[in-house]
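Trainee: I am new to this structure. Please take me closely through how the strands are arranged.

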Protein chains: 2
Amino acid sequence: VRVAINGYGVIGRRLADAVAAQTDMELAGVVKVRADYKARLAVEKGYPLYAADEKSRTALKALGVSPRGVADDLISDVDIVVDACPDEVGAANKATYQRLGRRAIFQGGEEHDVAGFSFVAQCNYEAARGRQFVRVVSCNTTALCRVLHSLDGQFGLRRAGVVIARRAADPDETGKGPIDAISLDPVTIPSHHAHDVNTVLPQLKIVTMAIKVPTTHMHLHSLLLSLATPTSEAAVLEALEHTPRLLLITGREGFKSTASVIDYAREKKRSRNDVYEAVVWRDSVRADDSEAYLFLGVHQEAIVVPENVDAIRALCSQVAAAESMRLTNQTLGIAR
Amino acid sequence: VRVAINGYGVIGRRLADAVAAQTDMELAGVVKVRADYKARLAVEKGYPLYAADEKSRTALKALGVSPRGVADDLISDVDIVVDACPDEVGAANKATYQRLGRRAIFQGGEEHDVAGFSFVAQCNYEAARGRQFVRVVSCNTTALCRVLHSLDGQFGLRRAGVVIARRAADPDETGKGPIDAISLDPVTIPSHHAHDVNTVLPQLKIVTMAIKVPTTHMHLHSLLLSLATPTSEAAVLEALEHTPRLLLITGREGFKSTASVIDYAREKKRSRNDVYEAVVWRDSVRADDSEAYLFLGVHQEAIVVPENVDAIRALCSQVAAAESMRLTNQTLGIAR
């Protein structure tokens, strides 16, 4: 499968590496808008570089990295495009993919309607088959779908309440805030995340509340769940042990904050200290009759990477869900 | 009523001003441990300054601010001591208050058992009468008691779930973190706040989850409430409108974060930009059948100040709860 990555920012760079690591995929090229060190690094890695348009081509040439062409040249020559452009730019790009008759994967910054299908591998891989377009949901939604889909299947979820403390900015985003405040993001309830989870899990009753806090290291979710049947902490942990792409850690071992999770990923020599798994603190899990509670961490830069790789296979191959997830996990170093 | 303030830090300084502002109280003096600019400011304000012990007396003299004596000298000469010392120092001071036969008010950093009675004016002022010791609960507990006591009375609370995003440090605390992480504080659920609310409202079923985030501006609570009866947003707002010491604000008016609340207090020329009220975002209030949700802000440095003033009256006067709260509110500029 020949793959183009359109956009080479936070997600695009990671997807390029992930696609290049798959034996059943070929990274045909990456499309870059801005002329910066990231463009130079792409060329140094040997990735075929394309400019977004003629203006970008000129700027990139001035930087000394000559693109092989512009976006259309690349897109015409691949089986599928993964659009990793900023929010809403993907929607604007859709016309190009339609004009050139290419399959495309959009990111969670786009509305559900851009693709008409919102994807999380362990929830609905098979249903994505044969589609021209799918949308991989955002980092927060991906993490929630992994955990809630699993617990709903095991216990039946009557209602999920989730408070999302969002990281204010990625580590290299120096222009964003807040720097000394908790922002209500938004003030109104629910935040958009509840609706977004329902694009993947339409039956789930969920309310989300979101705040933004001054950190670059991961989002942190507080889950307050009402189950259809009384359960125990052991049973919830057992269900989580069998949930794919989940990392279970414990506070007693020193995981006291989001920063310690990222530090752990560095020690494990994960590429870019990426945590592809949804992270659950084992000792946060509490069950009280039909109520269950836990803390869930989300590495915003990384968690959607395996989903995008699987989405490529769902659209372009006959590989089954379990096999695709196994291949993806193996190449990225995800244990299960 | 002659009042001593033992401890002149974040809370003690505010209490000294608040007590000095009451016409039925006399600030007999403040006790200081460290020789720093705060001691000098106390003297400049004309507050009788006492050293915690002989060592402090020597240090304060070296700073050029001569104390009138040591703690015991002051405490022997007052009707009541408000202990505003750091966590657990208050418990150690209790023996002194007992030895000298003085009434005392402790802060929320102490355990409930230190006083055997935990106080929030609008919940249990009258029950504090005749006691030698009471404990004013912590900032987070005070805010939760104000809101939950009111809503429980109006609708019946079947269960309260609360996620508390705590400010990492007060504005002048330069040694505390985190500076780029969300700490789980603690990892285990519930946090101590649920138990602490039950020291004031013993019947309430409540679970709290706490995280710590890099900001100095207020705590921010997300409330997820199950009510005994279905209700509407208008009915919840109506109940909040009639809850004492609550400030209702709206995101539409530009209150998008904790920092805008503090900025508002500055504009209102509140002493030290103090927000004595629990703060509820009006447009965050959401009711869905028997579930209700809202965001609640807590100025950690200020919210317990009016409670301490009322606690003094509850222990040392015949003034009724409503009249005490009216007097306190009037002197501090609290609308209701």
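Mentor: What follows goes strand by strand, then turns to the two copies and the cysteines.

This is a predicted model, in which local features need pLDDT of at least 70 and side-chain atom pairs count only at pLDDT 80 or more, while totals for chains, interfaces and linings use all residues. Residues are numbered from 1 along each chain as its sequence is written, chains are lettered from A and ligands numbered from 1 in the order in which they are written, and side-chain values use heavy atoms, with hydrogens and water left out.

Start with chain B. Its seven strands form an open sheet. The order is E3-E2-E1-E4-E5-E7-E6, and the pairing is parallel. At the edges stand strand E3 (49-51) and strand E6 (118-119) of chain B. Each has a single partner strand, so one side of each lacks a neighbour in the sheet. Some terms are needed here. Strands (E, at least two residues) and helices (H or I, at least four) are DSSP runs numbered from the N terminus. Two strands pair if DSSP finds at least two bridges between them. In general, the strands of a sheet pair through backbone hydrogen bonds, either parallel or antiparallel.

Take the E6 edge. E6(B) is joined to strand E7 (residues 133-136) of chain B by two bridges, and the two run parallel. Opposite Ser118(B) stands Arg135(B) in E7(B). Now the helices on the sheet. H1(B) packs there and touches E1, E2 and E4 of chain B. The direction of H1(B) makes about 165 degrees with that of E1(B). Helix H3 (residues 54-63) of chain B also packs on the sheet, touching E2 and E3 of chain B. The direction of H3(B) makes about 130 degrees with that of E3(B). Contact means heavy atoms within 4.5 Å. Axes are lines fitted to C-alpha atoms, for helices over the stretch in contact, and angles run from 0 to 180 degrees between N-to-C directions.

Next comes strand E1 (residues 2-6) of chain B. Four of its five residues are buried, so the rest of the structure largely encloses this strand. Buried means under 20% relative accessible area, exposed over 50%, and partly exposed in between (1.4 Å probe, protein chains only). Four parallel bridges tie E1(B) to strand E4 (residues 80-83) of chain B. There, Ile5(B) stands opposite Val82(B). E1(B) also pairs in the parallel sense with strand E2 (residues 26-32) of chain B, over five bridges. In E2(B), Val31(B) is the bridge partner of Asn6(B). Between these strands, the chain crosses from E1(B) through helix H1 (residues 10-20) to E2(B) in a right-handed β-α-β crossover. Right-handed means that, with the strands pointing away from the viewer, the path from the first strand over the helix to the second runs clockwise.

Now chain A. Its open sheet of seven strands has the order E3-E2-E1-E4-E5-E7-E6, with parallel pairing. Strand E3 (49-51) and strand E6 (118-119) of chain A are the edge strands, each pairing on one side only. E6(A) pairs with strand E7 (residues 133-136) of chain A over two parallel bridges. The bridge partner of Ser118(A) in E7(A) is Arg135(A).

Strand E2 (residues 26-32) of chain A has six of its seven residues buried, so the rest of the structure largely encloses this strand. Strand E1 (residues 2-6) of chain A pairs with E2(A) in the parallel sense over five bridges. Arg2(A) has Glu26(A) as its bridge partner in E2(A). From E1(A) the chain crosses through helix H1 (residues 10-20) to E2(A), and this β-α-β crossover is right-handed. E2(A) pairs in the parallel sense with E3(A) too, over three bridges. In E3(A), Ala51(A) is the bridge partner of Lys32(A). E2(A), helix H2 (residues 37-44) and E3(A) make a right-handed β-α-β unit.

How do the chains relate? A rotation of 180 degrees, with 0.0 Å of shift along its axis, superposes chain B on chain A (RMSD 0.0 Å). The two copies are thus related as by a two-fold rotation axis. Copies are superposed by least squares on the C-alpha atoms of residues with pLDDT of at least 70 in both. Pro214(B) comes closest to the axis of the residues of chain B, at 2.8 Å (C-alpha).

Last, the cysteines. Over all chains, a search finds zero disulfides (cysteine sulfur pairs within 2.5 Å). Cys139(A) is in no disulfide, and the nearest cysteine sulfur, that of Cys145(A), is 12 Å away.
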